[in-house]
Amino acid sequence: MIRWLPAIGAVAVLLLTGCGNSDSGDSEPSVDADVAAITEALNAWPEAFNARDVAAVCDLFAPDVSIIYPDSADRDYDAFCTQMQGVLGNQERVFTYGPPDIREVLVDGDLATVQLIWTLTVADTAGAVLETVEENGLDVFRRQDDGRWKIHVSHAYPL
């Protein structure tokens with residue numbers, strides 16, 4: 001039995017090494033892939049907003065989202081989407097978001113935090129700019145069951 005001990009030990013090491021191999025088809029997405037997916041979703045959001053696509057605007061947010069903004073009530077998914085229907089359906093004002101200025105994306109497992117700045121421009125129907133607001137934001141993303149990243153907590157405030 002003692003003669004086989006080195007062979008058994010070698011097999012055990014090979015098996016354990018194989019279990020930790022990140023090249024297997026079962027491995028979770030890499031952090032770089034997660035950062036890219038989150039960045040892509042954030043960059044697509046102003047395009048959907050500016051196209052007045054309420055469904056696509058709401059799709060960035062998880063069903064259990066909590067949205068926090070100073071001087072307004074916290075909103076859940078339904079309240080946010082109702083608000084977006086009103087904003088994007090407004091015929092007297094044109095609301096436009098520029099691309100996000102993404103400062104940092106940190107991914108840890110199925111959670112990620114994003115620090116970014118959004119720029120919202122409000123114009124009248126003739127195109128005259130009425131207001132430009134920079135919003136500093138910190139968003140917590142959660143990987144959903146389908147693998148997509150969605151905002152779970154959004155905390156923004158004007159600069």
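Biologist: Is Cys81 buried or exposed?

Modeller: In this predicted model, local features need pLDDT (the predictor's confidence in each residue, from 0 to 100) of at least 70, side-chain atom pairs count only at pLDDT 80 or more, and totals for chains, interfaces and linings use all residues. Residues are numbered from 1 along each chain as its sequence is written, and side-chain values use heavy atoms, without hydrogens and water. Buried means under 20% relative accessible area, exposed over 50%, partly exposed in between (1.4 Å probe, protein chains only). Cys81 has 11% relative accessibility, so Cys81 is buried.

Biologist: Which residue forms a disulfide with Cys81?

Modeller: A disulfide is a pair of cysteine sulfur atoms within 2.5 Å, and the structure holds one. The sulfur atoms in this pair are 2.2 Å apart, and the partner of Cys81 is Cys58.

Biologist: How many residues apart in sequence are the parts that the pair ties together?

Modeller: Helices are DSSP runs of H or I, at least four residues, and strands are runs of E, at least two, numbered from the N terminus. Cys58 lies in helix 3 (residues 54-58) and Cys81 in helix 4 (residues 77-88), so the separation is 23 residues.

Biologist: Which strand supplies the largest share of the largest nonpolar core?

Modeller: Such a core is a set of buried Ala, Val, Leu, Ile, Met, Phe, Trp, Tyr and Cys residues joined through side-chain atoms within 4.5 Å. The largest one has 28 residues, with Ile38, Trp45, Phe49, Phe80 and Phe141 touching the most other members. Helix 2 (31-50) and strand 4 (111-124) are among the elements that each supply at least two residues. The largest share, six residues, comes from strand 4.
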